[in-house]
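This briefing concerns the open and enclosed spaces of one structure and the helix that contributes to them. Please consult the sequence and the model shown here alongside the points that follow.

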Amino acid sequence: MATKTQHFGPSSTFITLFLVLLLHIHYAKSDLKLNYYSESCPRAEEIIKEQVNKLYHKHGNTAVSWIRNLFHDCMVKSCDASILLDKTKEQTSEKTSQRNFGMRNFKYIETIKEALENECPNIVSCADIVALSARDGIVMLGGPQIEMKTGRWDSKDSYLAEVESFIPNHNDSMSLVLSRFNSIGVDTQGTVALLGAHTVGRVHCVNIVHRLYPTVDPTLDPDFAKYLKTRCPSPQPDPKAVEYARNDHINPMVWDNLYYKNIMSNKGLLIVDQQLVSDPTTYPFVEKFAANNSYFNDQFAKSMIILSENNPLSGDQGEIRKVCRHVNK
């Protein structure tokens with residue numbers, strides 16, 4: 001009995017191509033995994049942790065910088081270390097965006113990178129350094145241990161023109177802030193948890209004075225406003241001067257839930273901090289986190305993982321930079 005030859009029409013061809021595309025997408029997503037460097041550079045994560053520890057004990061503020069790096073990198077299109085690229089004749093830099101005002105300690109990322117290059121040349125991406133240094137920096141400050149996947153690739157481009165479309169400003173409406181985070185998969189509770197990173201670090205007076213001058217923002221606690229005026233005595237602070245107030249002036253370098261207790265007492269530095277309390281969609285989570293530090297840490301860790309896995313590049317889209325501030329030649 002003769003067998004019939006099957007002929008695949010256009011619809012069958014389309015289905016086949018679609019399945020191949022799905023497999024490709026799945027493969028690209030699955031590039032991130034725990035212990036990605038276990039064979040290619042077994043000590044990679046240990047080296048990053050060692051360097052973060054050394055730098056923290058020399059320059060304690062680096063731990064805060066690592067956390068901020070992750071947020072400012074991963075919110076803009078992808079977790080791909082584009083934030084680290086310097087401005088050149090051929091390349092713009094996200095560092096020059098007003099949204100990234102006050103970011104610092106980039107040179108110490110190169111310290112970590114050099115240690116990795118000495119151990120395993122051309123293996124560990126700058127994007128993974130950004131992610132893992134943030135993870136380890138949180139622990140140095142007393143925050144939760146977070147299991148992070150690795151296998152990110154570095155971008156070949158900077159996205160300066162797109163920064164303001166992805167990173168919310170400190171005085172944006174809460175609905176806009178929530179929508180920006182929601183676009184990368186972080187829900188309302190997760191957004192409130194991530195903003196809890198404001199429990200450490202500092203804010204330059206440039207971003208505070210509009211709440212103090214010419215009149216004090218009525219949502220600020222009056223005594224706290226007096227304190228802020230001692231930190232920011234001029235309505236026109238010099239952006240290049242070291243003029244700032246601590247996010248938490250009691251325990252400024254300790255990871256805890258005091259941030260939420262402070263904003264419930266109208267002692268938030270930024271408008272976005274105060275809006276967490278005034279907005280009915282976010283306030284219930286502020287109450288929860290203020291009441292339970294462990295719950296805050298759990299929710300922060302979950303949201304941090306989502307943020308750190310935002311749209312990672314696959315190998316054909318990126319590269320492993322030799323030096324984090326420049327694309328490879």
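How many nonpolar, polar and charged residues does the lining of the second largest pocket have? That lining has 3 nonpolar, 2 polar and 5 charged residues. The model is predicted, and the points below cover its pockets, its cavity and helix H3.

**Second largest pocket**
- The second largest pocket holds about 160 Å³ of space.
- Its lining consists of Leu-34, Asn-35, Glu-45, Lys-49, Arg-135, Asp-136, Gln-145, Ile-146, Glu-147 and Met-148.
- Helix H2 (44-58) and helix H5 (126-140) are the elements that give two or more residues to the lining of this second largest pocket.

**Largest pocket**
- In the largest pocket there is about 1,200 Å³ of space.
- A total of 45 residues line the largest pocket, and those nearest its centre are Arg-68, His-72, Phe-101, His-198 and Arg-202.
- By class, the lining of the largest pocket comprises 25 nonpolar, 13 polar and 7 charged residues.
- At least two lining residues of the largest pocket come from each of helix H3 (62-74), helix H7 (174-182), strand E1 (202-204), strand E2 (244-246) and helix H13 (293-308).
- H3 gives the most to the lining of the largest pocket, namely 7 residues.

**Helix H3**
- The 13 residues of H3 reach 18 Å from the first C-alpha to the last, close to the 18 Å expected at 1.5 Å a residue.
- H3 is largely enclosed by the rest of the structure, because 11 of its 13 residues are buried.
- The buried residues of H3 are Thr-62, Ala-63, Val-64, Ser-65, Trp-66, Ile-67, Asn-69, Leu-70, His-72, Asp-73 and Cys-74.
- His-72 is thus buried in H3 and is also one of the residues nearest the centre of the largest pocket.
- The cover over the buried residues of H3 includes H2, helix H4 (106-119), H5 and H13.
- Of these covering elements, H13 also supplies at least two residues of the lining of the largest pocket, whereas H2 and H5 each give two or more to the lining of the second largest pocket.

**Cavity**
- Searching the whole structure yields 1 cavity of 30 Å³ or more.
- The volume of the largest cavity is about 40 Å³.
- His-198, Asn-247, Tyr-259, Asn-262, Ile-263, Lys-267, Gly-268, Leu-269 and Asp-273 line the largest cavity.
- Helix H10 (residues 258-264) gives the most to the lining of the largest cavity, with 3 residues.
- The lining of the largest cavity divides into 3 nonpolar, 4 polar and 2 charged residues.
- His-198 lines the largest cavity and is also among the residues nearest the centre of the largest pocket.

Note on methods:
Residues are numbered from 1 along each chain as its sequence is written. This is a predicted model: local features need pLDDT of at least 70, side-chain atom pairs count only at pLDDT 80 or more; totals for chains, interfaces and linings use all residues. Side-chain values use heavy atoms; hydrogens and water are left out. On a 1 Å grid over the protein atoms alone, a cavity is a set of points where a 1.4 Å probe fits but cannot get out, and a pocket is an open set with protein on both sides within 12 Å along at least five of seven lines; lining residues have an atom within 4 Å of a point. Grid points are joined across faces, edges and corners, and a volume is the space filled by probe spheres set on the points. Helices (H or I, at least four residues) and strands (E, at least two) are DSSP runs, numbered from the N terminus. Ala, Val, Leu, Ile, Met, Phe, Trp, Tyr, Cys and Pro count as nonpolar, Asp, Glu, Lys and Arg as charged, and the others, Gly among them, as polar. The expected span of a helix is 1.5 Å times one less than its number of residues. Buried means under 20% relative accessible area, exposed over 50%, partly exposed in between (1.4 Å probe, protein chains only). Contact means heavy atoms within 4.5 Å.
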